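User: I am new to this structure. Please walk me through it, and show how each label is earned.

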Amino acid sequence: MLAKTLLSSRNEDLAALLLEVKNTLDVEIDGVISDGQQSIRKAVEVALPGIAHGLCHFHYLKEAAKVISRILSQSKSIILSLSSAPSKYCFLGEG
């Protein structure tokens, strides 16, 4: 087990930590899972080239939910603006 306090999240500091972990542990690193911060992505590329790097499912879904929420909000605004505008068309039909 390796525990260390980081005073910054600079990719150089993170890369140094990843190299320390790699050199301390007696196991092969097959992949890294993170929250996807840019500094972590760069640190993995530098310290562990060729190692797979994936996003944590929680963080991936959290980011996807933000995008979906933004799209729904924009759609709602468009629909409300269209429904309040005077219509040039008259639709006839059942209902």
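Analyst: Start with Lys22. Its relative accessibility is 41%, so Lys22 counts as partly exposed. Lys22 lies in helix H1. Keep in mind that this is a predicted model.

User: What makes Lys22 partly exposed?

Analyst: Set the value against the cut-offs. Buried means under 20%, and exposed means over 50%. At 41%, Lys22 falls in between, so it is partly exposed.

User: Which residues does Lys22 contact, leaving aside neighbours within four places in sequence?

Analyst: Lys22 is in contact with Ile29, Ala47 and Leu48. Contact here means heavy atoms within 4.5 Å. The C-alpha atoms of Lys22 and Ala47 are 8.7 Å apart, with their positions 25 residues apart along the chain.

User: What about Glu20, buried or exposed or partly exposed?

Analyst: Glu20 has a relative accessible area of 29%, so it is partly exposed. Glu20 is also found in helix H1. Its C-alpha atom is separated from that of Ala47 by 9.4 Å, and the two residues are 27 apart along the chain.

User: How many helices and strands does the chain have?

Analyst: The chain has three helices and two strands. Along the sequence they follow the pattern α-β-α-β-α.

User: Why are H1 and H2 called oblique to each other?

Analyst: Look at the angle. The axes of helix H1 (residues 11-24) and helix H2 (residues 38-47) cross at roughly 45°. Roughly parallel needs an angle under 35 degrees, and roughly perpendicular needs 65 to 115. The angle of H1 and H2 meets neither condition, so they are oblique. Their axes come within 8 Å. The crossing is right-handed.

User: Which residues make the contact between H1 and H2?

Analyst: From H1, the contact uses Asn11, Leu14, Ala15, Leu18, Leu19 and Lys22. From H2, it uses Ser39, Ile40, Lys42, Ala43, Val44, Val46 and Ala47.

User: How do you know that Ser39 is buried?

Analyst: Its relative accessibility is 15%. The cut-off for buried is under 20%, so Ser39 qualifies. Ser39 sits in helix H2. Not counting residues up to four places away in sequence, Ser39 touches Ser9, Arg10, Asn11 and Leu14.

User: What makes Ser34 buried?

Analyst: The test is again under 20%. Ser34 has 9% relative accessibility, so it counts as buried. This residue is found in strand S1 (residues 31-34). Beyond its neighbours within four places in sequence, Ser34 is in contact with Ile40, His53, Gly54, Leu55 and Cys56.

User: How much of the chain counts as buried?

Analyst: Of the 95 residues, 12% count as buried. The accessible surface of the chain comes to about 8,100 Å². Carbon and sulfur atoms hold 60% of that surface.

User: What share of the contacts with a separation of 6 or more joins residues 24 or more positions apart?

Analyst: Such pairs account for 35% of those contacts.

User: Now the charged pairs. How many salt bridges does a search of the whole structure find?

Analyst: It finds three. Side chains of opposite charge can pair when their charged atoms come close.

User: Why is the pair of Asp13 and Arg10 called a salt bridge?

Analyst: The closest N and O atoms of Asp13 and Arg10 are 3.9 Å apart. The cut-off is within 4 Å, so the pair passes. Glu12 and Arg10 also meet in a salt bridge, at 3.2 Å from N to O. Arg10, Glu12 and Asp13 are thus linked in a network of salt bridges.

User: What accessibility do the residues of this network have?

Analyst: Arg10 has 48% and is partly exposed. Glu12, at 43%, counts as partly exposed. Asp13 is partly exposed as well, at 26%.

User: Where do Glu63 and Lys66 lie?

Analyst: Both lie in helix H3 (residues 57-84). They are three residues apart, about one turn of the helix.

User: How do you know that Glu63 and Lys66 form a salt bridge?

Analyst: Their side chains meet at 3.2 Å, N to O. That is within 4 Å, so the label holds. Glu63 has 43% relative accessibility and counts as partly exposed. Lys66 has 45% and is partly exposed.

Conventions:
Residues numbered from 1 in each chain as written. Predicted model: local features only at pLDDT ≥ 70, side-chain atom pairs only at ≥ 80, totals over all residues. Heavy atoms only, no water. Buried < 20%, exposed > 50% of the residue type's maximum accessible area, 1.4 Å probe, protein only. Helix = DSSP H or I, 4+ residues; strand = E, 2+ residues; numbered from the N terminus. Areas by Shrake-Rupley, 256 points an atom, 1.4 Å probe, with all protein chains shown as cover. Axes fitted to C-alpha atoms, helices over the stretch in contact; angles between N-to-C directions. Parallel < 35°, antiparallel > 145°, perpendicular 65-115°, else oblique. Left-handed = near helix turned anticlockwise from the far one by under 90°.
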